[in-house]
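Take a first look at the structure shown here. The report then starts from a single residue and works outward.

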Amino acid sequence: MKRVLITGGCGFIGSNFIRHTLKHYPDYRLINLDKLTYAGNPGNLTDVENNPRYRFVKGDICDNDLVGKIFAEEQIDTVIHFAAESHVDRSITGPAEFVQTNIMGTFNLLEAAREAWLKDATGKASGTGCRFLHVSTDEVYGSLGQTGAFQETTSYDPRSPYSASKASSDHLVSAYFHTYGLPVLITNCSNNYGPYQFPEKLIPLIVNNALGGRSLPVYGDGKNVRDWLYVIDHCEAILTVLQNGIVGETYNIGGNSEKQNIEIVHTICDILDEKVGLLPDGKNRRTLITYVKDRAGHDRRYAIDATKIRTQLGWKPKVNFADGMRRTVEWYLNNKVWIASVTDGSYREYYEKMYGKK
Ligand code: NAD
Ligand code: TYD
């Protein structure tokens with residue numbers, strides 16, 4: 001039995017990962033440490049909370065006593081580190097939390113792993129079979145022009161407080177490999193979409209607003225490009241790297257599915273028009289699109305070259321963009337109670353600060 005500490009498992013990717021892994025990997029025990037920030041929702045995992053191979057611990061990755069206790073109590077041999085402040089817009093208005101969780105939190109986890117795995121009674125390094133997988137982002141590489149794609153060897157050039165904090169954490173993880181021999185793996189993935197994504201990110205925000213007949217805010221000229229990957233494909237890539245990746249290496253993960261933001265918004269509008277009918281005034285949902293002030297320092301284009309994980313580990317995405325978007329929009333349509341539960345008072349406050357009154 002692998003004894004896995006998952007951090008940030010109540011968020012978007014973490015909760016999908018936990019559900020998927022409990023279902024398909026019977027030899028994994030998962031301990032989910034999550035602080036339950038605004039982005040963490042235990043309701044994302046109600047269907048697995050009684051699974052005997054799952055345990056939830058509410059707490060902060062920056063709390064070294066708690067993290068040390070979990071390592072000892074659960075004999076943790078694997079860490080999959082998702083916990084982070086993850087939203088670029090919030091990092092622009094409040095960067096401190098990003099430095100704290102993304103940098104200091106990662107540092108604290110690395111120290112706990114080093115303590116637990118590399119210091120045996122004789123003081124000699126052990127850690128055989130242990131793995132620390134750090135989940136990171138393509139945003140650490142900066143912004144691309146019209147051509148090219150990020151490779152594992154691309155120099156880091158983070159440009160938002162979010163990506164700078166993730167880049168710092170990647171460097172710390174890498175340093176623990178080179179300095180202490182901690183058995184780490186790093187994954188840098190492109191934009192994910194799918195069920196349980198908090199509606200502050202582009203896709204769920206647009207779905208939610210389009211359903212409610214509200215305006216659809218598109219930053220700048222709407223032509224910024226992201227490379228979109230269905231969340232379960234990301235989860236499978238992480239499991240592939242965990243099982244077959246070479247310790248100390250980085251693997252880029254992407255969907256090979258570059259889209260301009262405006263294309264994403266059009267796709268969502270068209271799926272909803274087809275599934276739930278036109279707006280009450282008979283217009284289609286594209287009429288709700290509103291171009292708003294651009295994000296500060298808005299990265300123009302991201303694209304991932306996933307050749308390494310494909311050729312060396314045999315992973316490639318299974319869900320194409322058209323199917324993934326349909327599945328995703330359908331999930332939000334079937335889970336309106338979930339949307340209502342996460343868009344409570346504090347979400348409304350955030351929304352009004354960002355976009356003005358609805
Ligand atoms: P999310 O914001 O949905 O979830 C983050 C989770 O971490 C939440 O459950 C939150 O409560 C928890 N958390 C935050 N601070 C914590 C702390 N101090 N201690 C313990 N728990 C804490 O994020 P996500 O979209 O699921 O992203 C997960 C990871 O994947 C992040 O590290 C992110 O950088 C990375 N990533 C995300 C994407 C994407 O498109 N969403 C793409 C590439 C990489
Ligand atoms: P987002 O989902 O925040 O992910 P990231 O910034 O990490 O790529 O945004 C995706 C793209 O959509 C990004 O170019 C910013 C843009 N965007 C909008 O145009 N309108 C919005 O309301 C939001 C949240 C994002």
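What follows covers one residue, its strand, the sheet around that strand, and two ligands.

## One residue and its strand

This is a predicted model. Begin at Thr78, which lies in strand E4, residues 78-81. Thr78 has a relative accessible area of 0%. Buried means under 20%, so Thr78 counts as buried. The side chain of Thr78 makes a polar contact with the side chain of Asp77, at 2.8 Å. Leaving aside neighbours within four places in sequence, Thr78 is in contact with Lys2, Arg3, Val4, Leu5, Trp117, Arg131 and Leu242.

The rest of E4 is covered too. Thr78 and Ile80 are buried on one side of E4, and Val79 and His81 are buried on the other. Both faces of the strand are thus covered.

## The strands beside E4

E4 has partners in strand E1 and strand E5. Strand E1, residues 2-7, is joined to E4 by 4 bridges, and the two run parallel. On this side, Leu5 stands opposite Val79.

Strand E5, residues 131-137, is also joined to E4 by 4 bridges, again in parallel. Here Val79 has Phe132 as its bridge partner. His81 stands opposite His134 in E5.

## The whole sheet

E4 belongs to an open sheet of 7 strands. The order is E3-E2-E1-E4-E5-E6-E10, and the pairing is parallel. At the edges are strand E3 (54-58) and strand E10 (250-253), each of which pairs on one side only. On average, neighbouring strands of this sheet are turned by 20° against each other, direction ignored.

Helices lie against these strands. Helix H5, residues 161-180, lies across E5 and strand E6 (184-189). H5 runs at about 155° to E5. Helix H7, residues 231-244, packs on the sheet. H7 touches strand E2 (28-34), E4, E5, E6 and E10. The direction of H7 makes about 145° with that of E5.

## The two ligands

Which residues come nearest to ligand 1? They are Ile13, Asp34, Ser86, Tyr162 and Lys166, out of 28 residues around the ligand. Around ligand 2 there are 18 residues. The closest are Glu139, Arg226, Arg295, His298 and Tyr355.

The table lists polar atom pairs for both ligands.

| Ligand atom | Protein partner | Distance |
|---|---|---|
| Ligand 1, nitrogen | Lys35, polar backbone atom | 3.1 Å |
| Ligand 1, oxygen | Thr37, polar backbone atom | 3.0 Å |
| Ligand 1, nitrogen | Thr101, side-chain N or O atom | 3.0 Å |
| Ligand 2, nitrogen | Pro217, polar backbone atom | 2.9 Å |
| Ligand 2, oxygen | Arg226, side-chain N or O atom | 2.7 Å |
| Ligand 2, oxygen | Asn261, side-chain N or O atom | 2.9 Å |

On its own, ligand 2 has 510 Å² of accessible area, and the protein covers 97% of that. Helix H6 (202-211) and strand E8 (216-219) are the elements that give two or more residues to the shell around ligand 2. E8 gives the most, with 3 residues.

Ligand 1 has 840 Å² of accessible area on its own, of which the protein covers 97%. The elements giving two or more residues to the shell around ligand 1 are helix H1 (12-24), E5, H5 and strand E7 (191-193). E5 gives the most to this shell, with 3 residues. That leads back to the start: E5 is joined to E4 by 4 bridges, and E4 holds Thr78.

Key
Residues are numbered from 1 along each chain as its sequence is written. Chains are lettered from A and ligands numbered from 1 in the order in which they are written. This is a predicted model: local features need pLDDT of at least 70, side-chain atom pairs count only at pLDDT 80 or more; totals for chains, interfaces and linings use all residues. Side-chain values use heavy atoms; hydrogens and water are left out. Buried means under 20% relative accessible area, exposed over 50%, partly exposed in between (1.4 Å probe, protein chains only). A polar contact is a pair of N or O atoms within 3.5 Å; within protein, one must be able to donate a hydrogen and the other to accept it, and residues adjacent in sequence count only if both atoms are side-chain atoms. Contact means heavy atoms within 4.5 Å. Two strands pair if DSSP finds at least two bridges between them. Axes are lines fitted to C-alpha atoms, for helices over the stretch in contact, and angles run from 0 to 180 degrees between N-to-C directions. A residue is near a molecule or strand if one of its heavy atoms lies within 4 Å of it. Accessible areas come from the Shrake-Rupley method with a 1.4 Å probe; for residues, only the protein chains shown count as cover.
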